[in-house]
Amino acid sequence: MSQTAARKQGYTATVVAGCFAVLLAQVAYSLPGALNGTLQQEFQTTGAELTWITAAFAIPMVVFELTTGVIGDLFGRKRLLQAGALLTVAGSLVSHVAETVQVLWAGQVVAGLGAAILYPISLAMLAAVSPSPEARSKAIAVWAGFLSIGAAISPLMAGWLAAEGNWRTSYLVVVAAAVVSIIVTQFAADSSAPEGRKLDVPGQVTLALGLIAILFAATQGSEAGFARPEIIGAFAAGLLLLGAFVVIELRTDVPLLELGLFANRSYSIVAIATVVGMFAFLAICFSMSIWLGAIQHQNALKIGVLFLFIQGPAFVLVPLVSHLIRDFSPRRVLTTGFALIAASGVWCSTFDVHDMSWTRFIAPMLALGIGFALTVGSITAVAINTVPLRLAGMASATTNLLRDFGFALGPVLIAAFAVSRANGDLSAGVGRAIGESGLQPPYTEIAGGIAHGGGAMAINSMPVVLGAGPGMPPMPMPEGLRMLAFESLGNAYSLAFLVAGLCAAAAAALTLFGLFDSERADVEEPLTGGDLLPAG
């Protein structure tokens, strides 16, 4: 075989391996989207426990993806990509056999660590073997297509299997995809780029622990109460750790995150808009799945279909968005995208939780998907154009991290807000609801204990009868109490949709009034590594 033919074969095999890897990561990441309601009923979770199913995957993915990129540069990417697939296998198998929500969390954490490897390493491998800028652009476009396919088919597959009573099989599908990924990666070309790269262990440790502490406090505080000592302590520890991270990054020779970028006013505006806008996007996605699944207990397949309307535009519009960025102002494309996300959230906030029609979500979810397609393709183009050329690579990587951070914040913060609001409304009316139910002791204490211990989400999913213990006849769950929980959750998540929509509107205003058309990216290629990221 000639040298040219060998290079071509290595390029093709690497593209195939990278595409299967990102498909695997995206399928694993997107599974809970359609399964939230099913998992809530399966494990009888509280609101905070349900939130951690998604957060347990997203948090390790976000906080370790920069470090795994450095590891791949230093020691080689091929074996690391296979290690990421193996971690996904292990995590998915744990999730498949989980009998408690805590075991499911553990599986999600392990799979999230795998995704922290798969996303950046698969993309870096494609860029390393591409013989020309044109070939790199084509390879990345195919990679992006597989990412979008995974984001679209995963909730649909999970919803269909859940409707058939086999939600656990979804995780076996992930295992099968991981096995394929490991096999095809064996034929890929290895690559590395150790020059000027060094692990920033202190920075990674302080960033990871700081983010986890703050997200833990936000999630648990929504149910336990934000004034509890352990919640205040977690917030304080998180802030101290993030402060230490800033000090470390300012002093190290090879920082994990180049904080000097934020001295640029325009870049700071883009960074803030990125975090806020992507938070709003995933907050709306998550709230939709909770509304239909965990609150209304609708068929998971319907939720999976709605995710097609969210992810479909990203797959269809990627080529169009690349032309819009080149031919028009990227700032205006970005602003339009955030405005559509805002419209989707505000639209959903007008829905009545008693209306069981799921098809009314189609139009706002389509608007959400189009808005996401416009923003995800233009954020990095705008960000890179605001910094000197020598910092373009770091700006792209940092913007990618900020986007993923916004994704991680979406479910955690919006659920903390909604759960806290719903539980507050429930607590205010639970005494009256139980008093009007006609329940007698010990059933009054049982119902009150469930309400105060598990919150609105637990009451909403409780069986229709209460058992008091051996020798005691079962009693019906008070309908007034159940309805109070149902309406409290509906009102809380209606407000959550509105909050998410207003956050997206704020991101649109930031980009519209904080940037200028003169800050125009000269984009010669439709996509760059920083333009592509996981979308839950």
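# A pocket, a surface patch and salt bridges

Helices α8, α9 (229–251), α10 and α15 (392–435) each supply at least two residues of the lining of the second largest pocket. The structure in which this pocket is found is a predicted model. Rolling a probe the size of a water molecule over the atoms shows where empty space is left. In the second largest pocket, that space amounts to about 430 Å³. Its lining consists of 18 residues, and those that lie nearest the centre of the pocket are L207, L211, L257, L402 and F405. As for chemical character, the lining holds 18 nonpolar residues, with no polar and no charged ones.

Helix α8, which takes part in that lining, also leads to a feature of the surface. This helix spans residues 201–224 and gives the most to a nonpolar patch, with 3 residues. The patch covers about 470 Å² and is made by F75, L199, V201, V205 and L209. Two of these names deserve separate attention. L199 is placed in the loop between α7 (169–185) and α8. Its relative accessibility is 34%, and L199 therefore counts as partly exposed, since partly exposed residues fall between the limits of 20% and 50%. F75, in turn, lies in helix α3. Because its relative accessible area is 65%, F75 is classed as exposed; the cut-off for that class is over 50%. F75 also illustrates how a folded chain brings distant parts of a sequence together: F75 and A193 are 118 residues apart in sequence, while their C-alpha atoms are 8.4 Å apart in space.

The next topic is the pairing of charged side chains. How many salt bridges does a search of the whole structure find? The search finds 4. One of them joins D73 and R77, with the closest N and O atoms 2.6 Å apart. Both D73 and R77 are buried. A second example links E230 with R228, where the closest N and O atoms are 2.7 Å apart. Here the surroundings can be stated for each partner. E230 has a relative accessibility of 39% and so counts as partly exposed. R228, at 40% relative accessibility, is therefore partly exposed as well.

A further salt bridge is formed by R360 and D355, and the closest N and O atoms of this pair are 3.8 Å apart. Are its partners buried or partly exposed? R360 has a relative accessibility of 16%, so R360 counts as buried; the class of buried residues takes in values under 20%. D355 has a relative accessible area of 35% and is therefore partly exposed.

Finally, the backbone holds two points of interest in loops. Q44 has a phi angle near 50°, which is a positive value in a residue other than glycine. This residue is found in the loop between α2 (32–43) and α3 (47–75). With a relative accessible area of 37%, Q44 is therefore partly exposed. H297 likewise has a positive phi, near 55°, and is a residue other than glycine. The loop that contains H297 runs between α10 (265–295) and α11 (300–327). At 30% relative accessibility, H297 therefore counts as partly exposed.

Conventions
Residues are numbered from 1 along each chain as its sequence is written. This is a predicted model: local features need pLDDT of at least 70, side-chain atom pairs count only at pLDDT 80 or more; totals for chains, interfaces and linings use all residues. Side-chain values use heavy atoms; hydrogens and water are left out. Patches are made of residues with over 30% relative accessible area and no salt bridge: like charges are joined within 9 Å, nonpolar side chains (Val, Leu, Ile, Met, Phe, Trp, Tyr) within 5 Å. Accessible areas come from the Shrake-Rupley method with a 1.4 Å probe; for residues, only the protein chains shown count as cover. Helices (H or I, at least four residues) and strands (E, at least two) are DSSP runs, numbered from the N terminus. Buried means under 20% relative accessible area, exposed over 50%, partly exposed in between (1.4 Å probe, protein chains only). On a 1 Å grid over the protein atoms alone, a cavity is a set of points where a 1.4 Å probe fits but cannot get out, and a pocket is an open set with protein on both sides within 12 Å along at least five of seven lines; lining residues have an atom within 4 Å of a point. Grid points are joined across faces, edges and corners, and a volume is the space filled by probe spheres set on the points. Ala, Val, Leu, Ile, Met, Phe, Trp, Tyr, Cys and Pro count as nonpolar, Asp, Glu, Lys and Arg as charged, and the others, Gly among them, as polar.
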